[in-house]
Every structure is written in C-alpha cells, then in structure tokens.
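Student: Before I look at this model on the bench computer, please take me through the terms that will be used to describe it, and show me how each label follows from a value.

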Amino acid sequence: MIKVSTRNIVKRFGSTVAADDISLDIQDAEFLTLLGESGCGKTTLMRIIAGLEKVDSGSVLIDGKDVTHLPPRERNLGMVFQQYSLFPHMTVAENIAYGLRVKRHSESEIERTLGEMLELVRLPTLRDRRPMQLSGGQQQRIALARALATRPSLLMLDEPLGALDLKLRRQMQAELKRIHRETGATFLFVTHDQDEALFLSDRVAVMRSGRIEQLDVPGRIYRNPVNEFVADFVGDVSLLECEYDVGRRGITVKGEFIPMPLDGAPRHIALAVRPENVRLAISAEPGGLRGQIEDIAYQAGTTLYSVRLANGALVKSRGLGAPSPDFVLGTPIRVHISDCHVAFPREGGR
C-alpha cells in the first residue's frame, strides 16, 4: 500500500532546479532514505512533502489524498530535526503531550499515549525533567517520541543525528531502527551519510542535482549501482580503467590479465572495484596486477591499503586487524581482484 506519492514535482530557486520532475512512492510502514550531497535537493523534496515549500508544478498525495495545496498542519505529518526543537520551558511529559493537546485529545488518552511513548524510547523515568537536564541522545529520543505521539501518516527526519558524536550516533541509529520496527510507522529520512542510509533503510533514493539517480534496496544500491555517480558516492570504490577480453573472459590492465567474467561488457570499461574485492599478495606470487603500497590507514579493527598500480591507477584493499608486517609503504605487491560484476563503458579507451 502506498502511503505517500509525489508526482512530477518541479521546484526552482532562480536558475537552480532543486526538484526536477521527481516522482516517488513511499510504501506504508517503509523506512525510505533520501541520500545525497549538500544541494542535491533532498531537503527541498522533504519540505515539499511537508507543505513547507510550494511546488512550481506536480502534486503530493498522502493516504491517496491530494494535499499539494494544503498547509502543513492539515497533512498529519511528524517532523524531527537535527536541532531537536524541544520547548525548553516544558517538561519531557509536556513536550511529548503538546501535539495531543493541540488536537484536543482527552487527558486519559494523553496519559496513555505519553506512557507508551516514554516506554518506546526507553526513558520512562525522565518525564518530569526539562530538556536542559537531558543528554543530546535523550533529547533526540524525546523529540522522536513527541513526533510519533500524534500517530502521523509519515514521520520525516531531516539529518536528525547530525549533531551527535560518532558513538552516540551509532547507538541512535540502532534505536531508530528498533523504533521503526516496533511502531510500524512510515519513515522518510534525509542524510548525506552513506553508511547511515545503508544501515537504516528499507530503500534508498540516491539524489543528484534535483533528480533521483537510483531508488533501490541498500544491497543493490551498493553492489549494483546504475551509474558511476552512484558507485562513487555510495561506499568506497575505485574505477579501474581497463580492457575487457571477451574471448578470454577477463580484464587486461597494461598487458596484465585477470579472469573476470562480465557478460555483455564492451571492450573499454571502468571496473567498479570495492576494497573487499581486492586481495594483496607478496610480489613473488604469480598472477594479479603489479602494484606498490602508497598508503596504510588503520580504521578501528580494519586496515585500508592504498595501492598504486603499474598503469597509474589507485585501488584500495581492506583487511581485518592491524597492518600486516609484510605490507609496508613502498612494498611491491601483487593485486588480485575478484567478484566484481559492475563495469561502466568507456569510449575509445579513455
């Protein structure tokens, strides 16, 4: 069942096209993320759905009803921002109950919902505190509880975790996922953080210049990007320019051959190589591509090696644990690439 639809949305700010004929369906109970760099149009699209921006053309439907020209208060939406936006003079309980009182719910219903929301965000003992007495993570959970209390048709979250430190951010990502699962609510999330989008979402819409480049489940966004922009933007990737040998079913890089079946690939390609597809070996080992270690970065449990190949291209390899004593800066090595299935055409061997 479709909960929210946008149909051919166009929005311009002067000569800048922030939304370029965007059509999008958000399913009931789905967690959908708009992912893109700053200025790609993701927040503008959210604001259009919320009624905070007027469209130049197109329409917005919520629960099958055309709400394009309705004000925000008549769209039954919830919003959570990076700044929390809690009322500082109110207690936690008063903040959560605010929307219910505006909608004139009974006191018994308000009290019941308040208890449910405090249990949902696992802060039942903090109802009488004020926002200044809470940590950043607690404030964000109260903001989430307040937004969910009115049972919105769609909960919109605009970079809500951006102000948190890394450890707390990861904890809140897990909390968001749990809360979405337990409530069955429909979430529309905006972020520029690829890891966050892949972790949280049922589907991800990767945006660029006011358009959706790819809309798909996280695994396919990562493993089967539709173009070079998506491949480069989502995760770590090296685009290795090479030639595909149809007869031998493999790639050639400056005379060196690696078996690599790529059905339907043209002769001149850029192979999308993820760090997990690359294995390093000592230079005496046969096969692979010649290279030299150019950089080593230890990243909390893994090591990322940057390797310069003989043709000048840079590829990366990630290994578990601390850096290997066999691989130091300047070490000549062999690079073995496997399980790469995505290649983009190149013209004339560019």
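Tutor: A pocket, on a 1 Å grid over the protein atoms alone, is an open set of points where a 1.4 Å probe fits, with protein on both sides within 12 Å along at least five of seven lines, and its lining residues have an atom within 4 Å of a point. The points are joined across faces, edges and corners, and the volume is the space filled by probe spheres set on them. The model is predicted, so local features need pLDDT of at least 70 and side-chain atom pairs pLDDT 80 or more, while totals for chains, interfaces and linings use all residues. Residues are numbered from 1 along each chain as its sequence is written, and side-chain values use heavy atoms, with hydrogens and water left out.

Student: What volume does the second largest pocket have, and how do you know where it lies with respect to domain 1 and domain 2?

Tutor: Its volume is about 180 Å³. Of its 15 lining residues, Tyr222, Arg223, Arg274, Asn277 and Val342 lie nearest the centre, and helix 7 (218–223) and strand 14 (268–273) are the elements that give two or more residues to the lining. Since domain 1 (2–232) and domain 2 (237–345) both contribute to this lining, the second largest pocket lies between them; the domain bounds come from an automatic or database assignment.

Student: What makes up the lining of the largest pocket by class?

Tutor: The largest pocket has a volume of about 690 Å³, and among its 22 lining residues Leu77, Gly78, Met79, Gly99 and Thr150 are the closest to its centre. Strand 6 (77–81), helix 2 (92–102) and helix 4 (136–149) each give two or more residues to that lining, with strand 6 giving the most, five. By class, the lining has 14 nonpolar, five polar and three charged residues, where Gly counts as polar.

Student: How do you know whether helix 4 is largely enclosed or not, and what span should its residues have?

Tutor: A residue is buried under 20% relative accessible area, exposed over 50% and partly exposed in between, with a 1.4 Å probe and protein chains only. By that rule 13 of the 14 residues of helix 4 are buried, so the rest of the structure largely encloses helix 4. Its 14 residues should span 20 Å at 1.5 Å a residue, and its end C-alpha atoms are 20 Å apart, which agrees; the expected span is 1.5 Å times one less than the number of residues.

Student: Why is Gly39 called exposed?

Tutor: Gly39 has a relative accessible area of 77%, and therefore counts as exposed. Gly39 is found in the loop between strand 3 (31–35) and helix 1 (42–50). Helix 1 itself is mostly covered, with seven of its nine residues buried, including Lys42, Leu45 and Ile49.

Student: Why is the aromatic pair of Phe229 and Phe233 called stacked?

Tutor: Rings of Phe, Tyr and Trp (its six-membered ring) pair if their centres lie within 6.5 Å, and planes under 30 degrees apart count as stacked, over 60 as edge-to-face and the rest as tilted. The count by this rule is five aromatic pairs. For Phe229 and Phe233 the values are 5.7 Å centre to centre and 10° between the planes, and the pair is stacked. The two are four residues apart in helix 8 (residues 228–233), which means a separation of about one helical turn. Phe229 is buried at 16% relative accessible area, and Phe233 counts as buried at 14%.
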